Amino acid sequence: MLSHVMIGSNNLERSAAFYDQVLGALGAKQFMKMENRIGYRSESGPAVMLCAPFDGEPAHPANGSMLSFSAPNQEAVAAFHAAALANGGTCEGPPGPRGGPDSKAYLAYVRDPDGNKIAAMHRG
């Protein structure tokens with residue numbers, strides 16, 4: 001249903017260095033780079049766009065919002081988390097099982113250098 005999502009950034013070069021590694025751990029690569037936006041795609045799912053806000057105001061994370069990316073396996077979730085921490089992100093929840101005892105969800109949560117909350121999830 002989604003075409004693409006936009007993630008606001010106050011420094012596109014810093015964000016690109018972060019997302020090249022973090023989304024790269026999940027199989028996504030840059031497919032476009034312009035002065036005010038950078039796009040990523042994987043084999044499936046919507047595009048992810050980094051951009052400076054169009055209104056010229058500083059980017060800031062939305063309260064209660066999070067983007068969660070699909071991961072092919074638990075190792076990719078761990079690689080996503082490690083790449084985030086190695087490239088300026090902060091941990092919001094280490095890789096591990098989430099949900100009740102019957103859940104097969106395996107996730108990791110981080111914040112990017114602009115404070116946006118993102119996650120990687122593998123459904124076993």
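**Two pockets and two sheets**

Biologist: Which residues lie nearest the centre of the second largest pocket?

Modeller: The model is a predicted one, and its second largest pocket has a volume of about 240 Å³. Its lining consists of 15 residues. Those nearest the centre are Met6, Gly8, Pro61, Ala62 and Asn116.

Biologist: Which element gives the most to the lining of the second largest pocket?

Modeller: The lining comprises 15 residues, and the elements that supply two or more of them are E1 and E8. The choice is therefore between these two strands. With 3 residues, the leading contributor is E1.

Biologist: How many charged residues does the lining of the second largest pocket have?

Modeller: Sorted by class, the lining has 10 nonpolar residues and 4 polar ones. The charged class is represented by 1 residue.

Biologist: In which order do the strands of the open sheet that contains E1 stand?

Modeller: This sheet has 4 strands, and its pairing is mixed. Strands E1 (4-8) and E2 (29-33) are the edge strands, each paired on one side only. From one strand to the next the twist averages 25°. The order is E1-E4-E3-E2.

Biologist: Which residue of E4 is the bridge partner of Gly8?

Modeller: E1 and strand E4 (residues 47-51) run parallel and are joined by 5 bridges. Gly8 is also among the residues nearest the centre of the second largest pocket. Its bridge partner in E4 is Cys51.

Biologist: What angle does the direction of helix H1 make with that of E3?

Modeller: E1 and E4 are joined by 5 bridges. Helix H1 (residues 12-24) packs on their sheet and touches E1, E2, strand E3 (37-41) and E4. The direction of H1 makes with that of E3 an angle of about 5°.

Biologist: Which residue of E3 is the bridge partner of Lys29?

Modeller: E2 and E3 pair in the antiparallel sense, over 4 bridges. A hairpin of 3 connecting residues joins the two strands. The partner of Lys29 in E3 is Arg41.

Biologist: Which residue in the turn between E3 and E4 has a positive phi?

Modeller: E3 and E4 are antiparallel partners over 4 bridges, one of which pairs Gly39 with Met49 of E4. The two strands form a hairpin with 5 residues between them. The turn residue with a positive phi, about 90°, is Gly45.

Biologist: Which element gives the most to the lining of the largest pocket?

Modeller: The largest pocket has a volume of about 440 Å³. Of its 21 lining residues, Ser44, Pro46, Ser68, Phe69 and Ser70 are the closest to the centre. Two or more residues come from each of E3, strand E5 (67-70) and strand E8 (117-123). With 4 residues, the leading contributor is E5.

Biologist: How many nonpolar residues does the lining of the largest pocket have?

Modeller: The lining of the largest pocket includes 6 polar and 2 charged residues. The nonpolar residues number 13.

Biologist: Why is one side of E5 and of E6 left without a neighbour in the sheet?

Modeller: The sheet is an open one of 4 strands with mixed pairing, in the order E5-E8-E7-E6. E5 and strand E6 (90-98) are its edges, so one side of each lacks a neighbour, because each has a single partner strand.

Biologist: Which residue of E8 is the bridge partner of Leu67?

Modeller: E5 and E8 run parallel and are joined by 4 bridges. The partner of Leu67 in E8 is Ile118.

Biologist: At what angle to E7 does helix H2 run?

Modeller: Helix H2 (residues 74-86) lies across E5, E6, strand E7 (105-111) and E8. Its angle to E7 is about 10°.

Biologist: Which element of the protein chain has the highest mean pLDDT?

Modeller: Over the protein chain the mean pLDDT is 94, and 100% of the residues reach 70 or more. Among the elements, the lowest mean, 94, belongs to E1. The highest mean, 98, belongs to H2.

Conventions. Residues are numbered from 1 along each chain as its sequence is written. This is a predicted model: local features need pLDDT of at least 70, side-chain atom pairs count only at pLDDT 80 or more; totals for chains, interfaces and linings use all residues. Side-chain values use heavy atoms; hydrogens and water are left out. Two strands pair if DSSP finds at least two bridges between them. Axes are lines fitted to C-alpha atoms, for helices over the stretch in contact, and angles run from 0 to 180 degrees between N-to-C directions. Contact means heavy atoms within 4.5 Å. On a 1 Å grid over the protein atoms alone, a cavity is a set of points where a 1.4 Å probe fits but cannot get out, and a pocket is an open set with protein on both sides within 12 Å along at least five of seven lines; lining residues have an atom within 4 Å of a point. Grid points are joined across faces, edges and corners, and a volume is the space filled by probe spheres set on the points. Ala, Val, Leu, Ile, Met, Phe, Trp, Tyr, Cys and Pro count as nonpolar, Asp, Glu, Lys and Arg as charged, and the others, Gly among them, as polar. pLDDT is the predictor's confidence in each residue, from 0 to 100.
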